[in-house]
Amino acid sequence: MLKVALAQINTACGDVEGNEKKISMFLGSDKAQNADLVIFPELSLVGYPPKDHLTDTDAVTRCEEALARLMKKHHDQSFVVGSVRSRQGQLHNVALWVDEGKIIAEYEKALLPSYDVFYEKRFFSPRKKEFSPVMWKNYKVALTICEDFWFRDGQSGAMYDFDPVTSQLEKGADFLINLSASPFAQGKPTYRRELAAYYARKYQTPFLFCNLIGGNDDLIFDGQSFAMDARGMICAQALAFQEDLLHVDLPMLHAKSMEESSDDLEQKIDAICLGIKDFVRKNKQRKVWVALSGGIDSACVAQLACRALGNLECSLGVYALRIQS
């Protein structure tokens, strides 16, 4: 039996050293120590979306140095982490598989979304060659990053002529891993599961999906990482809008049907509150001022601010929420 942990973490864009500490903390937890493999989200070292942080001359170097420290400190563990790498002047969004202090596989993201809220082609170059599954502990593992498994989506699929998931699964794989930074939208969790289920059922391959959580700029990531069996049934799912370390045993034997919460309003409130909380925390704000006009909209804003910040604590101390009429 193979024990896998999906580390659904909240990263900050450009804070490579802070993200490194978060990754190290999760790797050092008892649950991760007892796992054969720990998986982190897309670009977990540099944060998503990194945008102009990638124009810093030392951005790649900082990621490489952080990875080296992680490999040294956690030399007895196996983990997959998202990072950036430069080759021949081209920057790539990569998944790095570390095993016992060495990189045993490196996968470059093939499909770069440049529509809606995404503009990855501005910063990254896509993988231009096919990739075979990773051989590890007698397992064949297909490795992909976020958009790579959205090829069948009506919007994004029309933009690409290469399906990175199919190209690997047709070579045979014991399970599929996807490192993701998929933003929240109404109905999105259900849609993700439907896309994953297509590949799981067609190729009779379990699907492990590790998604980011947190608010970064104008995007909010909901997490809800999951483990799906070869029938396209969810065996386990991580928390929504919270950091989590989801433990999964392969092969998965206890699949169950899971429906998205019918309370769309509650999900939207959770998303907004996470966005508020992370904006304040990641920008290291000490106080929040709310101007109220006395209307329902102001009351709503005040309630969301109180819910998001009322009990928040960090190294800077307790955040102060002042209501001004």
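Start by selecting Ile 220, which counts as partly exposed because its relative accessibility is 23% and the partly exposed class runs between 20% and 50%. The model on screen is a predicted one.

**Stop 1: around Ile 220**

Ile 220 belongs to strand β11, residues 219-222. Show its contacts, leaving out residues up to four places away in sequence: Pro 183, Phe 184, Gly 214, Gly 215, Phe 241, Ala 271, Ile 272, Leu 274 and Gly 275. For a long-range distance, pick the C-alpha atoms of Ile 220 and Thr 61; these are 27 Å apart in space, with the two positions 159 residues apart in sequence.

**Stop 2: helices α6 and α7**

One of the contacts of Ile 220, Ile 272, also takes part in the next packing. Select α6 (residues 264-282) and α7 (residues 296-309), whose axes are 8 Å apart and meet at an angle of about 65 degrees. The two helices are therefore roughly perpendicular, and their crossing is right-handed. On the α6 side the contact uses Glu 266, Ile 269, Asp 270, Ile 272, Cys 273, Ile 276, Lys 277 and Val 280, while α7 supplies Leu 304, Arg 307, Ala 308 and Leu 309. Coloured by class, the residues of this contact come out as eight nonpolar and four charged, with no polar ones.

Within that set, zoom in on Ile 269, a residue of α6. Apart from neighbours within four places in sequence, Ile 269 touches Leu 304 and Arg 307. A C-alpha distance drawn from Ile 269 to Arg 307 reads 9.5 Å, for a separation of 38 residues along the chain.

**Stop 3: the sheet from β6 to β13**

Now select the six strands of the open, mixed sheet, which are ordered β6-β7-β8-β9-β12-β13. The edges are β6 (134-136) and β13 (234-237); each has a single partner strand, so one side of each has no neighbour in the sheet. From one strand to the next the twist averages 20 degrees.

At the β13 end, β12 (residues 226-228) pairs with β13 in the antiparallel sense, over three bridges. To locate one of the bridge pairs, label Ala 227 and its partner Ala 236 in β13. Then add helix α5 (residues 188-203), which lies across β9 (207-211), β12 and β13 and runs at about 30 degrees to β12.

**Stop 4: the sheet from β5 to β14**

Another open sheet of six strands, also mixed in its pairing, has the order β5-β4-β3-β2-β1-β14. Its edge strands, β5 (102-108) and β14 (244-250), each pair on one side only. Here the twist averages 30 degrees from one strand to the next.

Inside this sheet, select β2 (residues 37-39) and β3 (residues 78-87), which run parallel and are joined by two bridges. Ile 39 has Val 80 of β3 as its bridge partner.

**Stop 5: helices α3 and α1**

Keep β3 displayed and add α3, which lies across β3, β4 (90-99) and β5 at about 155 degrees to β3. Next show α1 (residues 16-27) against α3 (residues 59-73): the axes are 10 Å apart and the packing angle is about 20 degrees. That angle makes α1 roughly parallel to α3, and the crossing is right-handed. The contact consists of Val 16, Glu 17, Glu 20, Ile 23 and Ser 24 from α1 with Arg 62, Cys 63, Ala 66, Arg 69, Leu 70 and Lys 73 from α3. By class, the contact of α1 with α3 holds five nonpolar residues, one polar and five charged.

How values were computed
Residues are numbered from 1 along each chain as its sequence is written. This is a predicted model: local features need pLDDT of at least 70, side-chain atom pairs count only at pLDDT 80 or more; totals for chains, interfaces and linings use all residues. Side-chain values use heavy atoms; hydrogens and water are left out. Axes are lines fitted to C-alpha atoms, for helices over the stretch in contact, and angles run from 0 to 180 degrees between N-to-C directions. Helices (H or I, at least four residues) and strands (E, at least two) are DSSP runs, numbered from the N terminus. Angles under 35 degrees count as roughly parallel, over 145 as roughly antiparallel, 65 to 115 as roughly perpendicular and the rest as oblique. A crossing is left-handed if the near helix is turned anticlockwise from the far one by less than a right angle, and right-handed if clockwise. Contact means heavy atoms within 4.5 Å. Ala, Val, Leu, Ile, Met, Phe, Trp, Tyr, Cys and Pro count as nonpolar, Asp, Glu, Lys and Arg as charged, and the others, Gly among them, as polar. Two strands pair if DSSP finds at least two bridges between them. Buried means under 20% relative accessible area, exposed over 50%, partly exposed in between (1.4 Å probe, protein chains only).
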